[in-house]
Amino acid sequence: LLLALGTATLFGAQLSMQFSELVQRLRDAQGALSNFLDRNGLGGAATQNQMVAFLQSIVTNALSTGLQIAEGAIVLVIAAVYMAAQPDLYRVGAAKLFGRHVRGQLVEGLTYIGTSLKLWLLAQLILMVIVGVLSFIVCWLLGLPSPIALGLIAGLTEMVPYIGPFIGGIPAVMVALPLGLNMAAWTMIAYLGIHLIEGYLLAPPLERHFVRIPPALVLLGILAAETLFGPFGIIVAAPMTAAIFIAVKVFYVRDTLHEHTEIPDHSPL
């Protein structure tokens, strides 16, 4: 909390200015797209109206989704603070819903799940910082406006595995469009390179060291959570998948089938 407040105090004004500039650049990108259509004979009134309506729908949906995610994230953070302050209260309380003969087993399993979530979150925070810094460096080297804001967006969207990096690259490409198609192409290539570095060089060792979840399960978890809970489900999809994955390994594979399975160490972090 102190780190977040210190960052807001030191860089809040600069971030606010860069985000304002970013919004203006996105509007310029819309104008550049219209000019491109005009130069190529695609700028008829009907085409432009359709394009404007399409962009407006994207902006409206993005704002609506953003508000829903922000509302859910606030509730999630408050609940997480309460649960982190008294974890035993909720862990033991959940176990008491079942018979005495299985309570010890449930408490142990819930401890494993809690540790797995801590490890997953730590790995994601490391990836978010690395991707945010790399995106800032790339945007700065390419000469894109508002590199700090673009880097922050890329880092935050990294919270959503596999899908987040592509979402985080959209504002950068839109900002690069008014600077020319070559700049937009180089921006796409740069963000693709960052995604490849994250996916093939950074994520695998972190997942092996912290918590290993098959990529297909994470993608299916994101799809299922978005279907069940809407846009907010995208945020909680990966940790929910991690929790369910560990629960199946502990309560079913190990305790029911009596098969050996790797489970993260549940010693305190």
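**Cores, a surface patch and two buried polar residues**

I'll start with the interior. The largest nonpolar core has 16 residues, and Ile113, Ile213, Ile222 and Ile246 are those with the most contacts inside it. Three elements give two or more residues to this core: α4 (100–142), α8 (215–229) and α9 (232–254). Of these, α9 supplies the largest share, eight residues. There is also a second core, separate from that one, with 13 residues, among them Val131, Val138, Ala172 and Ala184. As general background, nonpolar side chains in soluble globular proteins tend to be buried together.

Before I go on, please keep in mind that this is a predicted model.

Now to the polar residues. Take Gln124, in helix α4. Is Gln124 buried or exposed? Its relative accessibility is 8%, and the cut-off for buried is under 20%, so Gln124 counts as buried. What does the side chain of Gln124 reach? The partner is the backbone oxygen of Glu158, at 3.2 Å. If we set aside residues up to four places away in sequence, Gln124 touches Glu158, Met159 and Pro161. Glu158 therefore turns up twice for Gln124, once through its backbone oxygen and once in the list of touching residues.

The next residue is His195, which sits in helix α7, residues 181–209. His195 has a relative accessible area of 17%; that is under 20%, so His195 is buried too. Which residues does His195 contact, leaving aside its neighbours within four places in sequence? They are Tyr162, Pro165 and Phe166.

Last, the surface. A nonpolar patch there is formed by Ile74, Ile78, Tyr82, Met83, Leu89 and Tyr90. Together these residues have about 640 Å² of accessible area. The elements that give two or more residues to the patch are α2 (45–85) and α3 (87–95). Which of the elements gives the most to the patch? That is α2, with four residues.

One member of the patch deserves a separate word. Met83 belongs to the patch and lies in helix α2. Its relative accessible area is 46%, and because that value falls between 20% and 50%, Met83 is classed as partly exposed.

To recap: in the interior, the core of 16 residues takes eight of them from α9, and a separate core has 13 residues. Gln124 is buried, and His195 is buried as well. On the surface, the nonpolar patch has four residues from α2, and Met83 in that patch is partly exposed.

How values were computed. Residues are numbered from 1 along each chain as its sequence is written. This is a predicted model: local features need pLDDT of at least 70, side-chain atom pairs count only at pLDDT 80 or more; totals for chains, interfaces and linings use all residues. Side-chain values use heavy atoms; hydrogens and water are left out. Patches are made of residues with over 30% relative accessible area and no salt bridge: like charges are joined within 9 Å, nonpolar side chains (Val, Leu, Ile, Met, Phe, Trp, Tyr) within 5 Å. Accessible areas come from the Shrake-Rupley method with a 1.4 Å probe; for residues, only the protein chains shown count as cover. A salt bridge is a side-chain nitrogen of Lys or Arg within 4 Å of a carboxyl oxygen of Asp or Glu. Buried means under 20% relative accessible area, exposed over 50%, partly exposed in between (1.4 Å probe, protein chains only). A nonpolar core is a set of buried Ala, Val, Leu, Ile, Met, Phe, Trp, Tyr and Cys residues joined through side-chain atoms within 4.5 Å. A polar contact is a pair of N or O atoms within 3.5 Å; within protein, one must be able to donate a hydrogen and the other to accept it, and residues adjacent in sequence count only if both atoms are side-chain atoms. Contact means heavy atoms within 4.5 Å.
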